[in-house]
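Biologist: Hello! I am new to this structure and would love a close look at its charged side chains. Could you take me through them step by step?

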Amino acid sequence: MKRYLLTLTLVMMGIMAKALPISEVRENARFLSDRMAYELGLTPMQYEDCYEINFDFIYAVNDLMDDVVYGAASALDEYYRLLDYRNEDLRYVLNGTQYARP
């Protein structure tokens, strides 16, 4: 799970300069989901659920990323709150072994 957080952080830092169009949000969500599928061996149903969770997260933090990059405390708090929601959702989708994998 730590790798995914690192990957997610790197992806989000890459999009820091502007709000993304919906096509790029989809592309980034697909990238994260593909990586999760490859490393965790997701079932097709898990893959679709992970894609939706990743899409919702990236879409939600899209407008925050400029402030997150510059270290605004309120933006960081909101980012981590949304990240906690994402991780909680993933806990329901992934089995215990998949979720606990580093």
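Which helices each supply at least two residues of the negative patch?

Modeller: Happy to help! Please keep in mind that this is a predicted model. Helix H3 (44-61) and helix H5 are the ones you are asking about, as each supplies at least two residues of the negative patch. The patch lies on the surface and is formed by Glu-48, Glu-52, Asp-56, Asp-84, Glu-88 and Asp-89.

Let us pick one of these residues for a start. Glu-52 lies in helix H3. Its relative accessibility is 47%, so Glu-52 counts as partly exposed, the class between 20% and 50%. A patch residue needs over 30% relative accessible area and no salt bridge, and the value of 47% for Glu-52 is above that cut-off.

Before going on, a word about the setting. The protein has six helices and zero strands, and along the sequence this reads as α-α-α-α-α-α. Of its 102 residues, 41% are buried.

Now follow helix H5, which spans residues 73-93. Besides its share of the negative patch, helix H5 holds Arg-86. Arg-86 is buried and yet has no salt bridge. Asp-89, the nearest side chain of opposite charge, is 8.5 Å away, whereas a salt bridge requires a nitrogen and a carboxyl oxygen within 4 Å. You have met Asp-89 already, as one of the residues that form the negative patch. Arg-86 does have a polar partner, though: its side chain makes a polar contact with the side chain of Asn-54, at 2.9 Å.

Another arginine of helix H5 gives us a contrast to look at. Arg-81 forms a salt bridge with Glu-78, and their closest N and O atoms are 2.5 Å apart. Both residues lie in helix H5, three residues apart, which is about one turn of the helix. How open are the two partners? Arg-81 has a relative accessibility of 34% and therefore counts as partly exposed. Glu-78 comes to 27%, so this residue counts as partly exposed too.

The structure holds two salt bridges, so let us visit the other one as well. In helix H2 (residues 22-40), Glu-39 and Arg-35 sit four residues apart, again about one turn of the helix. Their side chains meet in a salt bridge of 3.1 Å, N to O. Here the partners fall into two classes of accessibility: Glu-39 counts as buried because its relative accessibility is 16%, while Arg-35, with a relative accessible area of 30%, is partly exposed.

While you are at helix H2, look at Ser-33, which has its place there. With 0% relative accessibility, Ser-33 counts as buried. The C-alpha atoms of Ser-33 and Tyr-51 are separated by 5.3 Å, although the two residues are 18 apart along the chain.

Back on helix H3, which carries part of the negative patch, you will find Tyr-59. This tyrosine counts as exposed because its relative accessibility is 51%, which is over the 50% cut-off. Tyr-59 and Pro-21 are 38 residues apart in sequence, and 9.5 Å lie between their C-alpha atoms in space.

One more acidic residue rounds off the tour. Asp-67 is in helix H4, which covers residues 65-69. Its relative accessible area is 41%, so Asp-67 is partly exposed. From the C-alpha atom of Asp-67 to that of Tyr-79 the separation is 9.9 Å, with their positions 12 residues apart along the chain.

To bring it back to your question: helix H3 and helix H5 each supply at least two residues of the negative patch, and helix H5 also contains both the Arg-81 and Glu-78 pair and the buried Arg-86.

Definitions and conventions:
Residues numbered from 1 in each chain as written. Predicted model: local features only at pLDDT ≥ 70, side-chain atom pairs only at ≥ 80, totals over all residues. Heavy atoms only, no water. Buried < 20%, exposed > 50% of the residue type's maximum accessible area, 1.4 Å probe, protein only. Patch = residues over 30% accessible without salt bridge, like charges linked within 9 Å, V, L, I, M, F, W, Y side chains within 5 Å. Areas by Shrake-Rupley, 256 points an atom, 1.4 Å probe, with all protein chains shown as cover. Lys, Arg positive; Asp, Glu negative; His and termini not counted. Charge placed at Lys NZ, Arg CZ, Asp CG, Glu CD. Polar contact = N/O pair within 3.5 Å; in protein donor to acceptor, adjacent residues only side chain to side chain.
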